[in-house]
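Please examine the sequence and the structure below before reading the points of this note.

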Amino acid sequence: MTGPADARWGDPMRLALAEARAALATGDVPIGAVVLDEVGDVIRAGRNVREAAHDPTGHAEVVALRAAAAHRGEWRLEGCTLVVTLEPCTMCAGAAVLARVERVVFGAYDDKAGAVGSLWDVVRDRRLNHRPEVVAGVLAEESTALLEEFFAAQRAEG
């Protein structure tokens with residue numbers, strides 16, 4: 001099932017899903033992200049690397065935002081879109097706000113740690129000086145299925 005947001009954001013989300021699948025090779029939770037420039041071209045991508053890099057901040061969004069900022073030669077990512085397979089946590093939502101991305105597009109909701117509407121709503125907090133647009137639920141079924149398969153395999157092993 002697809003929605004109107006999937007038509008515009010489906011292709012970038014499929015790229016983020018490919019990044020998420022690549023994270024599986026290192027035992028990381030399959031979450032992927034891409035950063036698009038003002039015209040919608042992918043400027044950088046990232047995947048979870050917490051296990052691979054032994055880095056608690058190695059979330060897909062942070063990896064992608066860092067790479068995009070380095071690529072642009074500045075920390076401000078104004079006009080850019082962050083596309084990620086899972087609703088960002090508080091750290092990643094905060095990073096999106098601080099990077100001044102124009103919008104955050106995500107796939108699956110995260111009822112346990114989501115900070116873009118589920119548990120918290122960091123990106124739309126009126127006390128902050130920047131509030132990105134939010135597009136939620138893009139290819140949510142695919143993102144959810146990937147995560148469910150990963151965690152089912154983890155439970156079966158453990």
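The numbered points below move from the whole chain to one helix.

1. This is a predicted model, in which local features need pLDDT of at least 70 and side-chain atom pairs count only at pLDDT 80 or more, while totals for chains, interfaces and linings use all residues. Residues are numbered from 1 along each chain as its sequence is written, and side-chain values use heavy atoms, leaving out hydrogens and water.

2. The protein chain contains five helices and five strands. Their order from the N terminus is α-β-β-α-α-β-α-β-β-α. Helices (H or I, at least four residues) and strands (E, at least two) are DSSP runs, numbered from the N terminus.

3. The radius of gyration of the protein chain is 14 Å, which agrees with the value near 15 Å for a compact globule of 158 residues. This radius is taken over C-alpha atoms, and the globule rule is 2.2 Å times the number of residues to the power 0.38. Along the principal axes, the C-alpha atoms fill a box of roughly 45 × 35 × 30 Å.

4. Of the 158 residues in the protein chain, 46% are buried (under 20% relative accessible area, with a 1.4 Å probe and protein chains only). Among contacts (heavy atoms within 4.5 Å) with a separation of 6 or more, 57% join residues 24 or more positions apart.

5. Which residues of helix α4 (residues 90-99) are buried? They are C92, A93, G94, A96, V97 and A99. Their cover includes α3 (60-72), β3 (81-86) and β4 (103-108). Just after α4, R100 has a positive phi of about 60 degrees.

Note on methods:
Buried < 20%, exposed > 50% of the residue type's maximum accessible area, 1.4 Å probe, protein only.
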